[in-house]
Amino acid sequence: MSIPTSDCRECERSVARLLRDGTWLASLIIAAGLIFESPHTVWVGIAVLIFLPVARVALMLAFFLRRRDYLYTAISALVLAIIGIGLIARL
């Protein structure tokens, strides 16, 4: 299935915005934790940074589902499932 160029650009912009804003948010949380000497807050900021690639895969899954591109939807869902299984196994 061929995705129109405008849809690709929309998706790329959405992913870029997610990663940019998420990085800024995580940086601000980490900075606040360092300023206020709160290790818990720093760990939350690091968790946000770690979560960003997972959020990217989830966003791509939603994008592929909306475009009815079921092959890439399944691949994205599989990647999220593997991440989830890895997280649960780690706990």
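The following dialogue works through several features of a predicted model.

Biologist: How should one read the packing of two helices, and what describes it?

Modeller: Two packed helices are described by the angle between their axes and by the distance between those axes. In this predicted model, the axes of H2 and H3 come within 8 Å and cross at roughly 155 degrees.

Biologist: Are H2 and H3 roughly parallel or roughly antiparallel to each other?

Modeller: Angles over 145 degrees count as roughly antiparallel, and H2 and H3 are therefore roughly antiparallel to each other. The crossing in which H2 passes H3 is left-handed.

Biologist: Which residues of H2 and H3 meet?

Modeller: From H2 the residues are Val 54, Val 57, Ala 58, Met 60, Leu 61, Phe 64 and Leu 65. They meet Tyr 70, Tyr 72, Thr 73, Ser 76, Ala 77, Val 79, Leu 80 and Ile 83 of H3.

Biologist: Ser 76 is named there. Is Ser 76 buried or exposed?

Modeller: Ser 76 has 8% relative accessibility and therefore counts as buried. Ser 76 belongs to helix H3, which covers residues 70-90. With neighbours within four places in sequence left aside, Ser 76 is in contact with Val 57, Met 60, Leu 61 and Phe 64.

Biologist: What does Leu 78 show by contrast?

Modeller: Leu 78 is also found in helix H3, but Leu 78 is exposed, with a relative accessible area of 53%. Its C-alpha atom is separated by 10 Å from that of Val 57, and the two residues are 21 apart along the chain.

Biologist: How does one read a nonpolar core, and what is the general tendency of nonpolar side chains?

Modeller: In soluble globular proteins, nonpolar side chains tend to be buried together. Here, the largest nonpolar core has five residues in all: Cys 11, Val 15, Met 60, Phe 63 and Phe 64. The elements that give two or more residues to this core are helix H1 (5-35) and H2. H2 provides the largest share, three residues.

Biologist: With which residues is Val 15 in contact, its neighbours within four places in sequence left aside?

Modeller: Val 15 is in contact with Arg 56, Leu 59 and Met 60 when those neighbours are left aside. Met 60 is itself one of the core residues.

Biologist: Cys 11 is part of that core as well. How many disulfides are there?

Modeller: The test is a pair of cysteine sulfur atoms within 2.5 Å. By this rule the count comes to zero disulfides. Cys 8 is in no disulfide; the nearest cysteine sulfur, that of Cys 11, is 7.3 Å away.

Biologist: Why is Cys 11 without such a bond?

Modeller: The closest cysteine sulfur to that of Cys 11 is in Cys 8, and the 7.3 Å between them is too far for a bond. As for accessibility, Cys 11 counts as buried at 8%, whereas Cys 8 counts as partly exposed at 30%.

Biologist: How should one read a glycine within a helix, such as Gly 45 in helix H2?

Modeller: One may ask how accessible the residue is and what surrounds it. Gly 45 counts as buried, at 0% relative accessibility. Leaving aside neighbours within four places in sequence, Gly 45 is in contact with Ala 26, Ile 29 and Ile 30. The C-alpha atoms of Gly 45 and Ile 30 are separated by 4.9 Å, although these residues are 15 apart along the chain.

Biologist: Where is Pro 53 placed?

Modeller: Pro 53 lies in helix H2, which covers residues 39-66. Pro 53 is partly exposed, and its relative accessible area is 47%. From C-alpha to C-alpha, Pro 53 and Leu 18 are 9.7 Å apart in space, with their positions 35 residues apart in sequence.

Biologist: Finally, which residue in the loop between H1 and H2 has a positive phi?

Modeller: That residue is Glu 37, found in the loop between H1 and H2. Glu 37 is not a glycine, yet its phi is positive, about 50 degrees. Glu 37 counts as exposed at 70% relative accessibility.

Biologist: What is the case for Arg 68, in the loop between H2 and H3?

Modeller: Arg 68 has a positive phi, near 60 degrees, and is likewise a residue other than glycine. At 58% relative accessibility, Arg 68 counts as exposed.

Terms used
Residues numbered from 1 in each chain as written. Predicted model: local features only at pLDDT ≥ 70, side-chain atom pairs only at ≥ 80, totals over all residues. Heavy atoms only, no water. Buried < 20%, exposed > 50% of the residue type's maximum accessible area, 1.4 Å probe, protein only. Helix = DSSP H or I, 4+ residues; strand = E, 2+ residues; numbered from the N terminus. Contact = heavy atoms within 4.5 Å. Core = buried A, V, L, I, M, F, W, Y, C linked by side-chain atoms within 4.5 Å. Axes fitted to C-alpha atoms, helices over the stretch in contact; angles between N-to-C directions. Parallel < 35°, antiparallel > 145°, perpendicular 65-115°, else oblique. Left-handed = near helix turned anticlockwise from the far one by under 90°.
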